[in-house]
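User: Please take a close look at a single part of this model and describe it in one connected account. I should like the reasoning to be given along with the values.

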Amino acid sequence: MNEALKEAQRAFENDEVPIGCVIVSQNQIIGRGYNMVEKMNDVTAHAEIIAITAASQFFQSKYLATCQLYVTIEPCTMCASAIGWAQIPRLIFGAADEKKGYSQFSEKVLQPKTIVISGILEDECGSLMKSFFKKKGKNF
């Protein structure tokens with residue numbers, strides 16, 4: 001999760017919503033990403049999507065069945081669906097997103113056997129988001 005936090009910090013420094021993600025297989029990071037929505041002018045350029053793309057290129061496969069995905073904030077439904085389609089068996093996230101997190105809408109977007117672990121470095125992940133939105137005059 002510390003590596004995902006580094007990615008989130010990169011997003012923060014680039015004035016992007018500070019969410020970072022890494023994908024790990026056999027104790028090796030094979031995909032990284034941070035939100036690049038503003039930079040790419042693309043609403044789908046979320047940290048998870050960028051990391052999934054990198055990991056898929058690493059394996060030359062659309063399926064990531066041997067991987068774990070670490071992300072600083074609970075994925076939105078789009079990203080959770082991508083995690084499900086990529087067949088990632090383990091999702092680990094830091095802070096919950098009570099406004100846009102997938103669990104607010106449907107937990108069925110993940111594969112049925114996906115193991116979800118939440119609350120890892122929750123305070124650190126959440127405080128980065130709160131700092132970002134406070135700077136923008138908004139609440140997270």
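Analyst: **The nonpolar core and helix 1**

In this predicted model, the largest nonpolar core comprises 33 residues, and those with the most contacts inside it are Ile23, Ile52, Leu64, Leu69, Ile88 and Leu91. Two or more residues are given to this core by each of helix 1, strand 1, helix 3 (47-59), strand 3, helix 4 (77-85), strand 4 (90-95) and helix 5. As a general rule, nonpolar side chains in soluble globular proteins tend to be buried together.

Leu64 offers a way into the core. Setting aside residues up to four places away in sequence, Leu64 touches Ile23, Ile52, Ala55, Ser56, Phe59, Ala86, Gln87, Ile88 and Pro89. One of these partners, Ala55, lies in helix 3. With a relative accessible area of 0%, Ala55 is buried, since the cut-off for that term is under 20%. Beyond its neighbours within four places in sequence, Ala55 is in contact with Ile23, Ile30, Gly31 and Leu64. Ile23 is thus a contact of Leu64 and also of Ala55. By contrast, Ala55 and Ile117, which are 62 residues apart in sequence, stand 20 Å apart in space, C-alpha to C-alpha.

Helix 1, one of the elements that contribute to the core, deserves a fuller description. Helix 1 runs over residues 2-13. Its 12 residues reach 17 Å from the first C-alpha to the last, close to the 16 Å expected at 1.5 Å a residue. The buried residues of helix 1 include Ala4, Leu5, Glu7, Ala8 and Ala11. They cover an arc of only 160° around the axis, and therefore lie on the same side of helix 1. The spacing follows a general principle: an α-helix has 3.6 residues a turn, so residues three or four places apart point the same way. On the face of helix 1 turned away from this buried side are the exposed residues Asn2 and Glu13.

What do the buried residues of helix 1 pack against? Their partners are strand 1, strand 2 (28-34), strand 3 (68-73) and helix 5. The packing of helix 1 with helix 5 has an angle of about 5°, and the two axes are 11 Å apart. Because angles under 35 degrees count as roughly parallel, helix 1 is roughly parallel to helix 5. Helix 1 makes this contact through Leu5, Ala8, Gln9 and Phe12, while helix 5 supplies Glu124, Cys125, Leu128, Ser131, Phe132 and Lys135. Leu5 and Ala8 thus take part in the contact and are also among the buried residues of helix 1.

The loops beside these two helices each hold a residue with a notable backbone angle. Asp15 follows helix 1 and sits in the loop that leads to strand 1 (20-25). Although Asp15 is not a glycine, its phi is positive, at about 60°. Its relative accessibility is 36%, so Asp15 counts as partly exposed. Leu121 occupies the loop between strand 5 (115-118) and helix 5 (122-135). Phi of Leu121 is also positive, near 50°, in a residue other than glycine. At 28% relative accessibility, Leu121 counts as partly exposed.

Terms used. Residues are numbered from 1 along each chain as its sequence is written. This is a predicted model: local features need pLDDT of at least 70, side-chain atom pairs count only at pLDDT 80 or more; totals for chains, interfaces and linings use all residues. Side-chain values use heavy atoms; hydrogens and water are left out. Helices (H or I, at least four residues) and strands (E, at least two) are DSSP runs, numbered from the N terminus. Buried means under 20% relative accessible area, exposed over 50%, partly exposed in between (1.4 Å probe, protein chains only). The expected span of a helix is 1.5 Å times one less than its number of residues. The arc is that of the directions from the helix axis to the C-beta atoms. Contact means heavy atoms within 4.5 Å. A nonpolar core is a set of buried Ala, Val, Leu, Ile, Met, Phe, Trp, Tyr and Cys residues joined through side-chain atoms within 4.5 Å. Axes are lines fitted to C-alpha atoms, for helices over the stretch in contact, and angles run from 0 to 180 degrees between N-to-C directions. Angles under 35 degrees count as roughly parallel, over 145 as roughly antiparallel, 65 to 115 as roughly perpendicular and the rest as oblique.
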